[in-house]
2 protein chains.
Amino acid sequence: MTDNNRFNAWACAGKGKTLAKTNELTLKQWDEDSVELNITHCGICGSDIHTMDSGWGPTLYPCVVGHEIVGVVAKVGKNVSHLKVGDRAGVGAQCGSCHQCQNCKEGNENLCMNNFVGTYSSKWPNGDKTYGGYADRWRGDYRFAFKIPDNMSSEIAATFFCAGVTTYAPLKRENVNSTSVVGIMGIGGLGHFGVQWAKAMGAKVIGMSHNDKKHDVALELGCDEYLVTSDKEAMAKYRRSMTHILCTGTGQDFDWNTYLGLLHANGHFINVSMPDWNFPELHPVVFVMNQVHISGSAIGSPKEIEEMLEFAATHGVKPWIEIYDMDNVVQAVEDFRAGKPRFRIVLKN
Amino acid sequence: MTDNNRFNAWACAGKGKTLAKTNELTLKQWDEDSVELNITHCGICGSDIHTMDSGWGPTLYPCVVGHEIVGVVAKVGKNVSHLKVGDRAGVGAQCGSCHQCQNCKEGNENLCMNNFVGTYSSKWPNGDKTYGGYADRWRGDYRFAFKIPDNMSSEIAATFFCAGVTTYAPLKRENVNSTSVVGIMGIGGLGHFGVQWAKAMGAKVIGMSHNDKKHDVALELGCDEYLVTSDKEAMAKYRRSMTHILCTGTGQDFDWNTYLGLLHANGHFINVSMPDWNFPELHPVVFVMNQVHISGSAIGSPKEIEEMLEFAATHGVKPWIEIYDMDNVVQAVEDFRAGKPRFRIVLKN
């Protein structure tokens, strides 16, 4: 007799270990709030790699990473009304919250103060471990499983659930529009989404990177202009020119004066990156005398995910992806580590 | 024959020098953009003292400080239509800007990128030095002289022009309203305005100071509650409770984690203080995972000053002031340095 809770997964057994296929792990215990997906696609996110490496503190091994999951609904609990068997649905970096705290009640479940349940290396309220999308099945709370718009393919949909919403949510929240001039720092997995969102919101977009290697691809993505941040003359030309900067990554030589100096009065420096180092000291003059805002943003709320999917479907925003067979995940991770993808890898079952 | 450009002033001749009365200095050369005031009142601001001490770099001595000026209009140029002889008018920390740069054109003259003219220790475009309000007359650009509302006394009006607008503008800009919970860090010259603005905007207000000495006066000013920031238990109780913090001053032991931890999701930490030290390093988790904003604000624009005067007159916001005769300015400065005023000193001619 097969245990219906067992699933096939590519698991990481410990820091430095290569992913290995297993059918020893079990899905979350079924309840009437559950949705079960037969996974068709899963994006590879930098967080997957960082978690496999215990980069943010000890990982709960064995760990099945992957939080850009898309699949076909195989089963729904009685409390689930927005999804039915056969629908396509996606799951992002969060799969549970307390629903009781002030943030949850206000629709900011992504900032849950009591029990943020991560899609992997985390635990469900019942104590079961969470497992992500490098697998053939996913089971979890219906409140964090979202219907894919009909005109969006599953392979395209996957990477919206982490990279997509992480960049969409703050640009939307800070009111990027046709009067905005948005600098996107880092033209990578996150940044290539940032460029497309800002363009679709009507802004003028400046791609930013520390050298000129991304020049052509930045323009191809839709950037109006490209700024090499190590070029002092070019940086001077852009002084006080931007309404928003979205920082998706930067080096440890980052200094506030250089980047805040690019912002127009009352401008926004929005950081979504999570470097291992601290942002440096901040001289009061640097943020007071030009009235700039520094803010951070963490993934997005369920409401923002739904809004993003709708926005992407309407505006034709599409990640640039390379597809690998799920069985080829070890190679895919290796290529990701080597910085090969332009710009995102999607695993396919 | 008297030189009509000469005026009586209390000037600082150099760093560490006591103010001394002089009639050797001359007002800005008259032109058709000029307004001349017979000064009746001038507030004492911390910036006056810091400038007398060359605290922000070398001061242009001899210097007549004072940028919370109120007087009676004695003369207006042909280009002046909003003021007439006999009106009461006030001048704040800025008395000129280029009117050409993007910030000026957008009504952010306080952030002028080409020629911010300070009310003292600065120069007019024609090269004349600017002189502030520790004097009997002021002359300058009509675009930075504002009519005092009829129902506001001149002595009350004075301190609105620096302390008032510095605290009003950012609270208004960041949309403080009846759903807000606003922490005011520092119950002093700026903070006592902050409390009153936030209350008048409908917010719940928490007075904050490093010890309990200001408890009673904070409640008297209108604070709903009082938080001792050195009390770890109390700080824990207020964790994630505020929508805004207005930082009017803090110690060098400031750390981001402690204060940003008080903010609700998407909350605003607004700094209007200008300490001599830098704000410390910022761990990405501290501002990313609760999506908080850090911003600075510098005085206010002409439009914000006008709006503030109207708001104050309507809502009965009133500074707590102690009045000294202008001839007693040396004593007044001494008392200010000793932290005696509750909360602002106004000099009276």
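How many residues does the contact take from chain A, and how many from chain B? Colour the two chains differently and select the residues where they meet: 39 come from chain A and 39 from chain B. Keep in mind throughout that this is a predicted model.

**Stop 1: the interface**

With both chains shown as surfaces, look at the area that they cover on each other. Chain A and chain B bury about 3,400 Å² between them, and 59% of that area is on carbon and sulfur atoms. Now hide chain B and look at the side of chain A that touches it. The elements that give two or more residues to this side are α2 (102-105), β14 (263-271), α9 (284-288) and β15 (293-296) of chain A. If you colour this side of chain A by residue type, you will find 18 nonpolar, 16 polar and five charged residues.

Bring chain B back and turn to the polar atoms. Across the interface of chain A and chain B there are 19 residue pairs in polar contact, with both residues at pLDDT 80 or more. The count of salt bridges between chain A and chain B, however, is zero.

**Stop 2: the sheet that crosses the interface**

Next, select β15(A) together with residues 293-296 of chain B, which form β15(B). The two strands run antiparallel and are joined by three bridges. Zoom in on I294(A), and you will see I294(B) of β15(B) standing opposite.

Now widen the view to the whole sheet. It is open, has 12 strands with mixed pairing, and follows the order β12(A)-β11(A)-β10(A)-β13(A)-β14(A)-β15(A)-β15(B)-β14(B)-β13(B)-β10(B)-β11(B)-β12(B). Why is one side of β12 (225-228) of chain A and of β12 (225-228) of chain B left without a neighbour in the sheet? These strands stand at the edges, and each has a single partner strand, so one side of each stays free of a neighbour. Follow the sheet from strand to strand: neighbours are turned by 20 degrees against each other on average, direction ignored.

**Stop 3: inside chain B**

Stay with the sheet and pick β10 (residues 181-185) and β13 (residues 242-247) of chain B. This pair is parallel and has four bridges. For one place to look, select M185(B), whose bridge partner in β13(B) is C247(B).

Then add the helices. Helix α5 (residues 191-200) of chain B packs on the sheet, where it touches β10, β11 (204-209) and β13 of chain B; the directions of α5 and β10(B) make about 170 degrees. Helix α4 (residues 163-173) of chain B lies across β10, β13 and β14 (263-271) of chain B and also across β14 of chain A. The angle between α4 and β13(B) is about 155 degrees.

**Stop 4: a salt bridge in chain A**

Over all chains, the salt bridges number 28. For one of them, show the side chains of K21(A) and D327(A), which meet at 3.3 Å, N to O. This pair links distant parts of the chain, 306 residues apart: K21(A) is in strand β2 (residues 20-22), and D327(A) is in the loop between β16 (321-325) and α11 (329-337) of chain A.

**Stop 5: the backbone**

Most residues other than glycine have a negative phi, and most peptide bonds are trans. Finish with some exceptions. The bond from R342(A) to F343(A) is cis, with omega near 5 degrees, and F343(A) lies in the loop between α11 and β17 (344-348) of chain A. In chain B, a cis peptide bond joins R342(B) and F343(B), with omega about 0 degrees.

Last, select H99(B), in the loop between β6 (94-96) and α2 (102-105) of chain B. Its phi is positive, near 65 degrees, in a residue other than glycine.

Key
Residues numbered from 1 in each chain as written. Chains lettered and ligands numbered in written order. Predicted model: local features only at pLDDT ≥ 70, side-chain atom pairs only at ≥ 80, totals over all residues. Heavy atoms only, no water. Contact = heavy atoms within 4.5 Å. Buried area = accessible area lost by both parts, 1.4 Å probe. Salt bridge = Lys/Arg side-chain N within 4 Å of Asp/Glu carboxyl O. Polar contact = N/O pair within 3.5 Å; in protein donor to acceptor, adjacent residues only side chain to side chain. Nonpolar A, V, L, I, M, F, W, Y, C, P; charged D, E, K, R; others polar. Pairing = 2+ DSSP bridges. Axes fitted to C-alpha atoms, helices over the stretch in contact; angles between N-to-C directions.
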